[in-house]
Amino acid sequence: MWVYEKKLEIPVRVSIPDVRMAARLITQYGGPDGELSAAMRYLTQRYTMPTGMTRGLLTDIGTEELAHLEIIATMVYKLLDGATIEQIKAAGLDLQYAVRDKAVFFQSPTGEPWTAAYIQSLGDPIADVHEDMAAEQKARAVYEQLMRLTDDADLIQGLQFLREREVVHFQRFGEALDNLQEFVERKKVY
Amino acid sequence: MTIPPEQMALLRRIQETQFVAVDLNLYLDTHPDDQKALCDYNGASLQLQALMQEYEQCYGPLMHFGQEASRLPWAWIEDPWPWDIRY
């Protein structure tokens, strides 16, 4: 069961509208290594995990990723808020605008819709947790790439937080993997 | 949309306290026997509950689906929504 809290996990600030940056940032909303992929991957893998630790961790990190999804949406929303048609055209994003104005949507910066092909749940706990660790590294790398694309100190601060959370999540998944490997070994002893 | 400084200050304290709880929650998921972390978590939890109660009484509900009571008119649908707040 999910319950919503009417507040962001952290304050989100942008210094100035930036249509181009919004269009790039959307990769962490609906792109392959974004927060939707992370949330959906963890929240669906958890059903076939064998231990309370992995079920709990996937539920909790998956839920936090939904909060991060909201942060990205807020960043995109604020970056587009107040942008004029001239600014949108100048950024070459009138194609986007024609389809959906300033709406936030699940797609990559090049327009591919989000797909479950970005994620996997194999039902094999060891394989699944390795995928989760890889996912966190990919997200971390993408945040670093995005931070290099902007000079907006406020925006960078928000992206920095999201990057740091990926590092912590990676750490937690590593610990869960160790525990899982012990569990699997113990089960083999008859 | 801006909110009054006192509301912002309380909201910031809630975000900070809750973040401590979230981070400790994840840590405890993989370190279930860590006494110190557990104490810190429970401390943050109590503090968070008090802060949220204060916020709700002054500024309206932060949670839906029965987590908090409301006055009339139904306050949940009122502004500001999180993505509108100017920090």
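**Exercise 1. Classify B:Ala9 in this predicted model: is B:Ala9 buried or exposed?**

Step 1. Place the residue. B:Ala9 sits in helix 1 of chain B, which covers residues 5–30.

Step 2. Count neighbours. There are 11 other C-beta atoms within 10 Å of B:Ala9.

Step 3. Apply the cut-off. A residue is exposed if 12 or fewer other C-beta atoms lie within 10 Å of its own. B:Ala9 is therefore exposed, with its count of 11.

Step 4. Add one distance. B:Trp81 lies 72 residues from B:Ala9 along the chain. Their C-alpha atoms are 17 Å apart.

**Exercise 2. Describe the overall form of chain B.**

Step 1. List the secondary structure. Chain B has two helices and zero strands.

Step 2. Take the extents. The C-alpha trace spans about 45 × 30 × 20 Å along its principal axes.

Step 3. Compare with a globule. The radius of gyration of chain B is 15 Å, whereas a compact globule of 87 residues would have one near 12 Å.

Step 4. Check burial. Of the 87 residues in chain B, 14% are buried.

Step 5. Check contact range. Take the contacts in chain B with a separation of 6 or more: 51% of them join residues 24 or more positions apart.

**Exercise 3. Break down the contact between chains A and B. Which element of chain A gives the most to the side that touches chain B?**

Step 1. Count both sides. Chain A supplies 25 residues and chain B supplies 18 residues.

Step 2. Find the contributing elements on chain A. Helix 4 (52–80) and helix 8 (153–188) of chain A each give two or more residues to the side that touches chain B.

Step 3. Pick the leader. Helix 4 of chain A gives the most, with nine residues.

Step 4. Sort the chain A side by class. It holds 13 nonpolar, three polar and nine charged residues.

**Exercise 4. Work out how helix 4 of chain A packs on helix 1 of chain B. Are the two helices roughly parallel or roughly antiparallel?**

Step 1. Read the geometry. The helices pack at an angle of about 160°, and their axes are 9 Å apart.

Step 2. Apply the cut-off. Angles over 145 degrees count as roughly antiparallel, so helix 4 of chain A is roughly antiparallel to helix 1 of chain B.

Step 3. Assign the hand. Helix 4 of chain A passes helix 1 of chain B in a left-handed crossing.

Step 4. Name the residues. From helix 4 of chain A come A:Met53, A:Gly56, A:Leu57, A:Asp60, A:Ile61 and A:Glu64. They meet B:Val22, B:Asn25, B:Leu26, B:Asp29 and B:Thr30 in helix 1 of chain B.

Step 5. Class them. This helix contact has five nonpolar, three polar and three charged residues.

Methods. Residues are numbered from 1 along each chain as its sequence is written. Chains are lettered from A and ligands numbered from 1 in the order in which they are written. This is a predicted model: local features need pLDDT of at least 70, side-chain atom pairs count only at pLDDT 80 or more; totals for chains, interfaces and linings use all residues. Two residues are in contact if their C-beta atoms, placed from the backbone, lie within 7 Å. Helices (H or I, at least four residues) and strands (E, at least two) are DSSP runs, numbered from the N terminus. Ala, Val, Leu, Ile, Met, Phe, Trp, Tyr, Cys and Pro count as nonpolar, Asp, Glu, Lys and Arg as charged, and the others, Gly among them, as polar. The radius of gyration is taken over C-alpha atoms; the globule rule is 2.2 Å times the number of residues to the power 0.38. A residue is buried if 20 or more other C-beta atoms lie within 10 Å of its own, exposed if 12 or fewer, and partly exposed in between; C-beta atoms are placed from the backbone. Axes are lines fitted to C-alpha atoms, for helices over the stretch in contact, and angles run from 0 to 180 degrees between N-to-C directions. Angles under 35 degrees count as roughly parallel, over 145 as roughly antiparallel, 65 to 115 as roughly perpendicular and the rest as oblique. A crossing is left-handed if the near helix is turned anticlockwise from the far one by less than a right angle, and right-handed if clockwise.
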